[in-house]
Amino acid sequence: MIVYHGSNVIVKKPILIRQKRTLDFGAGFYTTTNKKQAISFAHKVMMRNDSQTEVVNMYEIDFDNRVQPLDILKFDTPNAEWLDFVFANRQGIYDGKQYDLVIGAVADDTIYRVFSLYEAGLLTREETLKRLKIHELYDQVIFCTEKALAQLKYLGQLDLNKEENV
């Protein structure tokens with residue numbers, strides 16, 4: 001599987017960095033299988049850091065021939081368990097099992113509006129899940145441990161000048 005990491009720097013050897021903000025799946029190295037999403041995120045990181053550089057790093061992870069077994073949490077759809085997991089992580093209160101790798105839908109800026117209504121208690125869990133189903137959700141693949149990061153093979157970067165039609 002090929003995954004992408006949008007940034008404003010080249011990241012040949014990913015490391016785990018404590019985040020300044022709470023994210024969907026907690027602390028970890030965030031990637032996606034969607035080029036378009038990674039390009040968009042690289043642009044956001046560039047703007048946020050007042051940089052002049054957008055970089056989309058590419059990696060490969062071979063799930064069939066892993067060096068070590070990984071403890072993986074995978075959400076196939078944004079269901080109630082996904083909602084609870086994301087909610088707890090974004091609130092900074094998740095204290096459940098720690099996984100090596102977490103895979104599932106992104107609660108991006110569009111989705112976050114719905115999510116904010118849920119956090120404020122203005123939508124029920126069922127209403128929130130119903131509204132999420134009408135949005136196009138991108139994926140995220142989060143490497144949460146050094147053991148998981150060791151499975152990544154750096155492939156290089158996308159040439160963003162050639163990726164305009166993604």
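**Figure 1. N89 and the residues around it in the predicted model.** Leaving aside neighbours within four places in sequence, N89 is in contact with T22, L23, D24, F25, G26 and Y94 (contact here means heavy atoms within 4.5 Å). N89 sits in helix α2; helices are DSSP runs of H or I with at least four residues, strands are E runs of at least two, and both are numbered from the N terminus. With a relative accessible area of 9%, N89 is buried. For the cut-offs, buried means under 20% relative accessible area, exposed over 50%, and partly exposed in between, using a 1.4 Å probe and protein chains only. Go looking for I10 from here and you have a way to travel: N89 and I10 are 79 residues apart in sequence and 27 Å apart in space, C-alpha to C-alpha.

A word on the ground rules: this is a predicted model, so local features need pLDDT of at least 70 and side-chain atom pairs count only at pLDDT 80 or more, while totals for chains, interfaces and linings use all residues. Residues are numbered from 1 along each chain as its sequence is written, and side-chain values use heavy atoms, with hydrogens and water left out.

**Figure 2. I10, in a loop.** The loop holding I10 runs between β1 (2-7) and β2 (29-31). I10 counts as partly exposed, at 46% relative accessibility. Not counting residues up to four places away in sequence, I10 touches V55, N57, Y154 and Q157. S40 is 30 residues from I10 in sequence, and the two are 16 Å apart in space, C-alpha to C-alpha.

**Figure 3. Y30 in strand β2.** Strand β2 is where you'll find Y30, which counts as buried at 18% relative accessibility. Setting aside residues up to four places away in sequence, Y30 touches Y4, H5, L23, D24, F25, Q140, V141 and I142. One of these, V141, is 111 residues away along the chain, yet the C-alpha atoms of Y30 and V141 are separated by 6.1 Å.

**Figure 4. I103 and V102, two residues next to each other in sequence.** I103 belongs to strand β5 and is buried, at 11% relative accessibility. Beyond residues up to four places away in sequence, I103 touches F25, F63, I72, L73, K74, F75, Q140 and V141. For V102, counted in that way, the list is F25, L73, F75, F85, Q140, V141, I142 and C144. K13 is 90 residues from I103 in sequence and 20 Å away in space, C-alpha to C-alpha.

**Figure 5. The largest nonpolar core.** Which residues touch the most other members of this core? Of its 22 residues, they are F25, F75, W82 and V102. The elements giving two or more residues to the core are α2 (80-91), β5 (101-105), α3 (109-119) and α4 (125-132). Helix α2 brings the largest share, 5 residues. Apart from this core lies another one, of 13 residues, among them F29, Y59, L70 and L101. A nonpolar core is a set of buried Ala, Val, Leu, Ile, Met, Phe, Trp, Tyr and Cys residues joined through side-chain atoms within 4.5 Å.

**Figure 6. D50 and its positive phi.** D50 is a residue other than glycine with a positive phi, near 50 degrees. Most residues other than glycine have a negative phi. The loop between α1 (35-48) and β3 (55-60) is home to D50. Buried or exposed? D50 is exposed, with a relative accessible area of 69%.

**Figure 7. Stepping back to the whole chain.** The protein chain has 5 helices and 7 strands, which run β-β-α-β-β-α-β-α-α-β-α-β from the N terminus on. Along its principal axes, the C-alpha trace spans about 45 × 35 × 25 Å. The radius of gyration is 16 Å, which agrees with the value near 15 Å for a compact globule of 166 residues; the radius is taken over C-alpha atoms, and the globule rule is 2.2 Å times the number of residues to the power 0.38. Of the 166 residues, 43% count as buried. Among contacts with a separation of 6 or more, 83% come from residues 24 or more positions apart.
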